[in-house]
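Trainee: I have just opened this entry and would like to learn how its labels are earned. Could you walk me through it?

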Amino acid sequence: MIVSTTSRLEGRPAKEYLGIVTGEVIVGANLFRDLFASVRDIVGGRSGAYEDVLQRAREQAIAEMRTRAASLGANAVVGVDLDYEVIGSNGSMLMVSASGTAILY
């Protein structure tokens, strides 16, 4: 399935627009990962642990969006937007959401 941030695919007219599809993932932050990330921030390094969690969450949100698009009969999702939010009473969770328009080409 083609997934694109553009609103259409060059040279491929859409046969049918099937509607908006979304995928959401919420992940909790780990206490030890938080501790090591804050130490790295103090010494100026990158937080590989957070980067890995963010990458996995983004991939899962896109995969969920693709699954929902496929269930509508789509073979592409265009106009994809990714959003990231910190949620929870003390910002202990990260939400990644992907949304776009399911299309049949």
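Mentor: Gladly! Let us begin with pairing: two strands pair if DSSP finds at least two bridges between them. In this predicted model, S3 and S4 are joined by 10 bridges and run antiparallel.

Trainee: What makes S1 and S3 a pair?

Mentor: Strand S1, residues 2-3, has 2 bridges with S3, in the parallel sense. The cut-off is at least two bridges, so S1 and S3 count as paired. Within this pairing, Val-3 stands opposite Val-77 of S3.

Trainee: Where does the bridge partner of Asp-83 lie?

Mentor: Asp-83 is partnered by Ser-97 in S4. Strand S4 covers residues 93-104, and Ser-97 belongs to that strand.

Trainee: Why is Ser-97 called buried?

Mentor: Set the value against the limit: Ser-97 has a relative accessible area of 15%, and buried means under 20%. Ser-97 therefore counts as buried. Leaving aside residues up to four places away in sequence, Ser-97 touches Gly-23, Glu-24, Asp-81, Leu-82 and Asp-83.

Trainee: And what about the stretch that links S3 to S4?

Mentor: Their hairpin has 5 residues between the strands, and Gly-88 takes a positive phi near 105 degrees there.

Trainee: Which helices and strands make up the whole protein, and how are they ordered?

Mentor: There are 2 helices and 4 strands. Along the sequence they follow the pattern β-β-α-α-β-β.

Trainee: How do you know that Ala-57 is buried?

Mentor: Ala-57 has 0% relative accessibility. The limit is under 20%, so Ala-57 counts as buried. This residue sits in helix H2 and touches Val-25, Val-27 and Val-96, not counting residues up to four places away in sequence.

Trainee: How far is Ala-57 from Leu-94 in sequence and in space?

Mentor: Ala-57 and Leu-94 are 37 residues apart in sequence, while their C-alpha atoms are 8.7 Å apart. For the protein in general, take contacts between residues at least 6 apart in sequence: 75% of them join residues at least 24 apart.

Trainee: What makes a group of residues a nonpolar core?

Mentor: The members must be buried, come from a set of residue types such as Ala, Val and Met, and be joined through side-chain atoms within 4.5 Å. The largest such core here has 15 residues, and Val-21, Val-27, Met-65, Ala-69 and Val-77 touch the most other members. Strand S2 (16-28), helix H2 (48-71), strand S3 (76-87) and S4 each supply at least two of its residues. H2 gives the most, with 5 residues. Apart from this core lies another, of 5 residues, among them Leu-9, Ala-76, Ile-103 and Tyr-105.

Trainee: Why might nonpolar side chains gather like that?

Mentor: In soluble globular proteins, nonpolar side chains tend to be buried together.

Trainee: Which residues does Val-27 touch?

Mentor: Beyond residues up to four places away in sequence, Val-27 touches Val-53, Ala-57, Ser-92, Met-93 and Leu-94.

Trainee: How much of the protein is buried, and how much surface is accessible?

Mentor: Of the 105 residues, 25% count as buried. The accessible surface comes to about 6,700 Å², with 54% of it belonging to carbon and sulfur atoms.

Trainee: Which elements have the lowest and the highest mean pLDDT?

Mentor: Helix H1, residues 31-43, has the lowest at 51, and S1 the highest at 96. The protein averages a pLDDT of 85, and 80% of the residues score at least 70.

Conventions. Residues are numbered from 1 along each chain as its sequence is written. Side-chain values use heavy atoms; hydrogens and water are left out. Buried means under 20% relative accessible area, exposed over 50%, partly exposed in between (1.4 Å probe, protein chains only). Contact means heavy atoms within 4.5 Å. Accessible areas come from the Shrake-Rupley method with a 1.4 Å probe; for residues, only the protein chains shown count as cover. pLDDT is the predictor's confidence in each residue, from 0 to 100.
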